[in-house]
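Thank you all for coming. I would like to take you through one structure this morning, and I ask you to look at it for a moment before I begin.

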Protein chains: 2
Amino acid sequence: MDQASPSGDELLRVLTAMASPHRLRIIAALAEGRTYVSQLARQLQMNRPLLYMHLQRLEAAGLVTGVLETARDGSSVKYFELVPFALELTPEAVIAAVRSLGAEQAETDGPAPGAPETGGSRRDTSK
Amino acid sequence: MDQASPSGDELLRVLTAMASPHRLRIIAALAEGRTYVSQLARQLQMNRPLLYMHLQRLEAAGLVTGVLETARDGSSVKYFELVPFALELTPEAVIAAVRSLGAEQAETDGPAPGAPETGGSRRDTSK
DNA sequence: CGGGGGTGTCAGTCTCTTCTGACAGGGGGT
DNA sequence: ACCCCCTGTCAGAAGAGACTGACACCCCCG
């Protein structure tokens with residue numbers, strides 16, 4: 001179910017999601033089986049609200065899924081589970097991703113007609 | 001040249017390096033051929049010092065390399081080149097990486113005897 | 001000699017993320 | 001009743017990162 005070539009924004013979301021030691025640890029912990037929030041908080045020794053935030057970020061990136069299971073005894077427990085993923089990080093993948101990156105995109109090689117000075121190397125032409 | 005299984009910190013550095021739209025764009029631009037800083041700054045329409053910072057980050061992650069080439073006419077131009085990379089992002093890779101992550105690491109499943117309360121959910125036990 | 005292009009670096013903002021403590025609840029055992 | 005374990009959310013402090021303008025210097029061409 002993994003997307004072979006995610007959109008630029010998609011890839012970016014996944015990357016920012018993984019770019020954190022805490023979140024990597026969460027993924028690793030979750031890879032060994034599903035757990036619920038408080039339990040995981042104890043395992044990783046981190047604040048629950050904090051863990052919550054990280055989990056949401058991971059979920060937004062589609063790396064984990066959380067379901068609120070209401071046990072037969074009525075107590076609610078939110079179990080988180082790892083979504084198996086496998087994406088290959090290569091220059092080609094990046095190129096493809098950049099193509100569909102949010103908002104405007106700079107040309108690879110263009111004169112950029114109306115574009116003003118980009119560099120800051122001018123001594124003081126205008127001033 | 002690609003390391004099959006980078007250390008935790010290594011992977012983390014690469015991930016944080018890629019987790020930026022600007023840096024992705026830089027990689028994409030650099031994938032089409034080497035360029036020097038000012039040139040690239042014009043292409044991507046960004047400030048040179050800013051681009052510089054991003055390039056350094058990418059270089060620190062080992063994704064690009066920069067060489068200061070002194071042309072025959074004496075002018076110095078710093079060319080940046082993309083280092084071909086290919087790393088697979090999977091739960092297993094993350095597990096392996098977390099194992100060798102900097103500093104302390106939380107156990108996957110331990111009672112943590114002397115560990116105090118982690119969550120902040122207590123109503124007001126102490127107060 | 002005055003542009004014009006290039007590199008390198010710095011101090012300062014400014015915005016986003018991370019992190020904490022506290023609060024709101026829901027439900028169950030003793 | 002009290003105590004325990006769980007979820008969900010929030011305001012605000014603290015920190016890291018992104019970004020800017022200006023400055024230092026180099027060399028060549030007219």
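I will start with how two helices pack and then turn to the DNA.

This is a predicted model, in which local features need pLDDT of at least 70 and side-chain atom pairs count only at pLDDT 80 or more, while totals for chains, interfaces and linings use all residues. Residues are numbered from 1 along each chain as its sequence is written, chains are lettered from A and ligands numbered from 1 in the order in which they are written, and side-chain values use heavy atoms, with hydrogens and water left out.

Helix 2 of chain A, residues 21-31, packs against helix 5 of chain B, residues 91-99, at an angle of about 120 degrees, with the axes 9 Å apart. Helices here are DSSP runs of H or I with at least four residues, strands are runs of E with at least two, and both are numbered from the N terminus; axes are lines fitted to C-alpha atoms over the stretch in contact, and angles run from 0 to 180 degrees between N-to-C directions. Contact, meaning heavy atoms within 4.5 Å, is made by residues including A:Leu24 and A:Ile27 on one side and B:Val94 and B:Val98 on the other.

Which residues are closest to DNA strand C? They are A:Arg23, A:Asp73, B:Ser38, B:Arg42 and B:Tyr52, among 25 that surround the strand, where near means a heavy atom within 4 Å. An N or O atom in the side chain of B:Arg42 is 2.6 Å from a phosphate oxygen of DNA strand C, and for the side chain of A:Arg57 the distance to a phosphate oxygen is 3.4 Å. Helix 4 of chain A gives the most to this surface, with 5 residues.

Note on methods: Polar contact = N/O pair within 3.5 Å; in protein donor to acceptor, adjacent residues only side chain to side chain.
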